[in-house]
Number of protein chains: 2
Amino acid sequence: MSGIRAQQKEKTRRLLIDAALNQLSADQSFSNLSLREVAKEAGLAATSFYRHFNDMDELGLTLVDEAGLTLRQLMRQARLRIEKGGSVIQISVKTFMEFIESNGNEFRLLLRERSGTSTEFRAAVSREIRYFTMELCDYLQKANKLDVETSYLQANAAVTIVFSAGAEALDANESERQELADRTIKQLRFIARGAMDLSSRSK
Amino acid sequence: MSGIRAQQKEKTRRLLIDAALNQLSADQSFSNLSLREVAKEAGLAATSFYRHFNDMDELGLTLVDEAGLTLRQLMRQARLRIEKGGSVIQISVKTFMEFIESNGNEFRLLLRERSGTSTEFRAAVSREIRYFTMELCDYLQKANKLDVETSYLQANAAVTIVFSAGAEALDANESERQELADRTIKQLRFIARGAMDLSSRSK
DNA sequence: TAGAATAGTGTACACGTGTACGCTGAAATA
DNA sequence: TATTTCAGCGTACACGTGTACACTATTCTA
């Protein structure tokens with residue numbers, strides 16, 4: 001039951017997904033993409049699009065899912081690097097910045113649709129960010145032996161800071177990015193220190 | 001030289017600006033607005049739009065400027081409240097949340113265009129945020145006697161956290177907003193504490 | 001092997017868009 | 001007062017959009 005047909009279908013589905021991803025850029029957001037253009041870039045007739053997605057939104061939500069997945073895989077990578085020794089914060093920020101550099105369009109998608117026009121998109125993005133935050137929260141809880149609330153607050157703040165830095169990085173050149181990374185690292189240290197202090201204080 | 005004509009022109013210009021602002025919502029971003037619809041809402045023929053703006057972008061940039069202005073006026077208000085006594089952080093967050101509640105559409109505009117499709121818009125928004133950050137930076141520097149770098153890092157991080165909380169507040173109900181405000185206050189305390197600590201440490 | 005299912009095609013349509021153009025009436029100017 | 005200026009109007013156009021529909025060719029199924 002391999003299914004020559006199903007196989008081919010999956011293949012052109014990917015073509016559509018990749019076409020959409022390729023058309024995203026600093027100057028073009030997902031909502032500006034037209035079904036026709038995406039189909040064209042994928043080498044399909046416009047109407048063939050419907051054999052794979054009900055509408056552009058369905059494609060878009062798929063993209064959001066994939067971007068979130070990429071993000072989580074990335075952080076697993078970062079954890080591996082950390083185990084080999086090195087500053088947790090430094091390595092995390094560096095890894096994230098590398099993600100921005102090589103997956104700019106995926107990140108742009110998350111960034112834009114987070115405050116976009118569709119409730120469904122906003123929900124999807126904030127779900128992905130929540131996953132991301134939760135994983136960090138678990139890590140902090142174990143590594144620093146903090147209570148749940150404090151480590152959640154820290155994780156949430158850290159993710160916010162890092163995402164914001166990522167957004168700035170998109171428009172920045174090499175040296176600006178370096179400076180940005182340094183700033184971000186310091187700010188994450190503020191948060192970590194504050195969390196430690198104010199948590200032990202409440203005991 | 002009052003100019004009946006100039007006066008009338010200014011009046012319908014305002015009509016256009018307000019019409020655009022009114023059409024912004026959770027479901028409609030500025031880039032989705034059409035010149036025709038805005039003119040219609042203002043009670044004008046579509047082509048009359050051009051008597052006031054060269055294109056929709058020009059109107060949009062005007063809106064961004066006004067939103068930034070509102071934001072800064074807001075913080076002056078907050079400072080007055082603070083002088084009457086009370087926690088700096090608490091009052092600032094509360095004031096900001098009130099802004100979100102009564103100027104949701106202006107805030108949405110800033111939020112969306114910050115990562116939007118137009119370089120000019122992105123620049124305009126980040127300029128407004130920079131002003132906002134700088135004012136906070138000055139304040140922190142004087143109030144806490146910190147060095148420039150540390151107070152800038154703190155201001156920058158604080159603004160990021162508060163904006164992010166504001167974005168979440170847009171989709172939240174009353175009780176969620178309260179919880180959100182509490183979280184934000186704690187996170188700002190983390191940052192403040194961390195900044196104090198790590199600044200004195202380096203002396 | 002005959003018939004059903006279906007991925008992909010091309011045509012056609014109604015719709016909303018920005019904007020060029022010429023016109024009108026009232027305000028400004030000389 | 002005679003002339004110029006100009007905010008606002010309506011028409012008209014070309015363009016890109018989503019998608020309904022009928023058709024073809026190939027794979028799947030019984």
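**Close-up 1. B:Arg127 and its salt-bridge partner B:Asp65 in the predicted model.** In this predicted model, B:Arg127 has a relative accessible area of 30%, which makes this arginine partly exposed. Its partner in a salt bridge is B:Asp65, with 4.0 Å between the closest N and O atoms. B:Asp65 comes out as partly exposed too, at 37% relative accessibility. What does the pair tie together? B:Asp65 sits in helix α3 (residues 56-83) of chain B and B:Arg127 in helix α6 (residues 119-144) of chain B, so the bridge links parts that are 62 residues apart in sequence.

**Close-up 2. A salt-bridge network in chain A.** Over in chain A, salt bridges with shared partners connect A:Asp65, A:Arg72, A:Arg127 and A:Glu128 into one network. Start at A:Glu128: its side chain meets that of A:Arg72 in a salt bridge, 2.8 Å from N to O. A:Glu128 belongs to helix α6 (residues 119-144) of chain A and A:Arg72 to helix α3 (residues 56-83) of chain A, so this pair holds together parts 56 residues apart in sequence. Are these two buried or exposed? A:Glu128 counts as buried at 4% relative accessibility, and A:Arg72 is buried as well, with a relative accessible area of 16%. A:Glu128 also forms a salt bridge with A:Arg127, where the closest N and O atoms are 3.6 Å apart. A:Arg127, at 30% relative accessibility, counts as partly exposed. As a bit of background, side chains of opposite charge can pair when their charged atoms come close. Counting over all chains, there are 24 salt bridges.

**Close-up 3. The protein surface around DNA strand C.** Which residues are closest to DNA strand C? They are A:Thr47, A:Arg51, A:His52, B:Arg36 and B:Tyr50, out of 19 residues that surround the strand. Of the atoms of DNA strand C that come within 4 Å of the protein, 44% belong to sugar and phosphate. Sorted by class, this surface has 5 nonpolar, 7 polar and 7 charged residues.

**Close-up 4. Polar contacts with DNA strand C.** Zoom in on the side chain of A:Thr47, and you'll find one of its N or O atoms 2.7 Å from a base oxygen of DNA strand C. For the side chain of A:Arg51, an N or O atom is 2.4 Å from a base oxygen of the strand. B:Arg5 brings in its backbone instead: an N or O atom there lies 3.0 Å from a phosphate oxygen of DNA strand C. The elements giving two or more residues to the surface near the strand are α1 (4-23) of chain A, plus α1 (4-23) and α2 (35-41) of chain B.

**Close-up 5. The largest cavity.** Rolling a probe the size of a water molecule over the atoms shows where empty space is left. The count comes to 2 cavities of 30 Å³ or more, and the largest has a volume of about 70 Å³. Its lining takes in residues from both chains, including A:Ile161, A:Glu168, A:Arg183, B:Asn156 and B:Thr160. Two or more lining residues come from each of α7 (148-170) and α8 (174-202) of chain A and α7 (148-170) of chain B. By class, the lining divides into 3 nonpolar, 5 polar and 2 charged residues.

**Close-up 6. The second largest cavity.** This cavity has a volume of about 60 Å³. Among the residues lining it are A:Asn156, A:Thr160, B:Ile161, B:Glu168 and B:Arg183. At least two lining residues are supplied by each of α7 of chain A and α7 and α8 (174-201) of chain B. The lining has 3 nonpolar, 5 polar and 2 charged residues.

Methods
Residues are numbered from 1 along each chain as its sequence is written. Chains are lettered from A and ligands numbered from 1 in the order in which they are written. This is a predicted model: local features need pLDDT of at least 70, side-chain atom pairs count only at pLDDT 80 or more; totals for chains, interfaces and linings use all residues. Side-chain values use heavy atoms; hydrogens and water are left out. A residue is near a molecule or strand if one of its heavy atoms lies within 4 Å of it. A polar contact is a pair of N or O atoms within 3.5 Å; within protein, one must be able to donate a hydrogen and the other to accept it, and residues adjacent in sequence count only if both atoms are side-chain atoms. Helices (H or I, at least four residues) and strands (E, at least two) are DSSP runs, numbered from the N terminus. Ala, Val, Leu, Ile, Met, Phe, Trp, Tyr, Cys and Pro count as nonpolar, Asp, Glu, Lys and Arg as charged, and the others, Gly among them, as polar. On a 1 Å grid over the protein atoms alone, a cavity is a set of points where a 1.4 Å probe fits but cannot get out, and a pocket is an open set with protein on both sides within 12 Å along at least five of seven lines; lining residues have an atom within 4 Å of a point. Grid points are joined across faces, edges and corners, and a volume is the space filled by probe spheres set on the points. Buried means under 20% relative accessible area, exposed over 50%, partly exposed in between (1.4 Å probe, protein chains only).
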